[in-house]
Amino acid sequence: MQLTRESVQNKPMETTITQKSDATIFSLCGRLDSNSAPQFEKQVQDFLASPGTHLVFDFDNLDYISSAGLRVILNAAKAYKASPYNFIACSMQDHVLEVFEISGFDTFITIHPSIDDSLSALKE
Amino acid sequence: MNISFQIKNKLTELVTLHAHLKNMQDDWAISKKTAAQINLVLDELVTNIIEHGDSENEHIIEIDLARTDCEFSIVITDDGPPFDPTLRTPPDTTLPVEERQCGGLGIHLVRNLCSHCNYVRANNKNILTLKKNLQEKCS
């Protein structure tokens, strides 16, 4: 099987951070695996050390997650459980949601169908 | 249908693995969801081999994939030190978040996404054999 040059490029996961009045939104794009998890962990570290707003992970453009990515998510959930703010997730593709369900993460993380649902829930 | 390829014991090789699987998904007409599940199974097991194996020296990990109408099979062979991931204690996925630990999640995912998972050590190699039902073809 031949691999095309394009297909073997090491494209790291891209993260966009948006600040709303009462929430910080991390929009994840690409693949969250053992390669990209350390960088992602660094990006969220400051928010987890002393949460000052609600935190939303928007998975709309996340194509893939492995247990290395789940580790970062679990640390975020633990940090926010001990804070007065909420940590929620939204817009997962079916196979990403399945990974959360098999791992039992859906029992302690609220997962909304869309970012609008998440932002509305935070205002209630 | 079957393919075989080799990767080295480096985490950056997960990209090569993904590229092989992307081609396979197209060539073998496998659904996006099944392809993602197969990718996850291989990713978790290969990452285990790399992280728990002999990182000082280069090792080859051989991956053999085959599919019939109803079944997908995976064989992962490596010549690193003996390591049986199936012995890993499964995590308690019902615990509250404060008590949850990260360990064992990878093999837990593998067990849930495969119908069969077997480890043997033979000829100084670790050989993991996995099977997955392809329900989309056999319902």
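In which sense do strand S3 (residues 71-78) of chain B and strand S5 (residues 125-133) of chain B pair, and over how many bridges? They pair in the antiparallel sense over eight bridges, as the first of the views below sets out. This is a predicted model, in which local features need pLDDT of at least 70 and side-chain atom pairs count only at pLDDT 80 or more, while totals for chains, interfaces and linings use all residues. Residues are numbered from 1 along each chain as its sequence is written, and chains are lettered from A and ligands numbered from 1 in the order in which they are written.

**View 1. Strand S5 of chain B and its pairing partners.** Two strands count as paired if DSSP finds at least two bridges between them, and the elements named throughout are DSSP runs numbered from the N terminus, helices being H or I with at least four residues and strands E with at least two. Besides S3(B), with which S5(B) shares eight bridges, strand S4 (residues 116-122) of chain B pairs with S5(B) in the antiparallel sense over seven bridges. Ile127(B) in S5(B) is the bridge partner of Thr77(B) and also that of Val120(B). S4(B) and S5(B) form a hairpin with two residues between them, and Asn123(B) in the turn has a positive phi of about 50 degrees.

**View 2. The sheet of chain A and the helices packed on it.** Five strands of chain A form an open sheet of mixed pairing in the order S1-S2-S3-S4-S5, with strand S1 (14-19) and strand S5 (110-112) as edge strands that each pair on one side only. The twist averages 25 degrees from one strand to the next, where axes are lines fitted to C-alpha atoms, for helices over the stretch in contact, and angles run from 0 to 180 degrees between N-to-C directions. Helix H1 (residues 37-49) of chain A packs on the sheet and touches S1, strand S2 (23-32) and strand S3 (54-65) of chain A, its direction making about 175 degrees with that of S2(A). Helix H4 (residues 115-123) of chain A also packs on the sheet, touching S2, S3, S4 and S5 of chain A, and its direction makes about 155 degrees with that of S4(A). Strand S4 (residues 87-90) of chain A pairs with S5(A) in the parallel sense over three bridges, and Ala89(A) stands opposite Ile111(A) in S5(A).

**View 3. The contact between chains A and B.** Counting residues as in contact if their C-beta atoms, placed from the backbone, lie within 7 Å, the contact takes 31 residues from chain B and 25 residues from chain A. Strand S1 (2-8), helix H1 (13-27), helix H2 (32-52) and helix H3 (105-113) of chain B each supply at least two residues of the side of chain B that touches chain A, and H2(B) gives the most, with eight residues.

**View 4. Helix H3 of chain B.** H3(B) is mostly covered, with seven of its nine residues buried, a residue being buried if 20 or more other C-beta atoms lie within 10 Å of its own, exposed if 12 or fewer, and partly exposed in between, with C-beta atoms placed from the backbone. Among the buried residues are Leu105(B), His108(B) and Leu113(B). The buried residues of H3(B) pack against H2 and helix H3 (94-102) of chain A together with H2, S4 and S5 of chain B.

Definitions and conventions. Contact = placed C-beta atoms within 7 Å.
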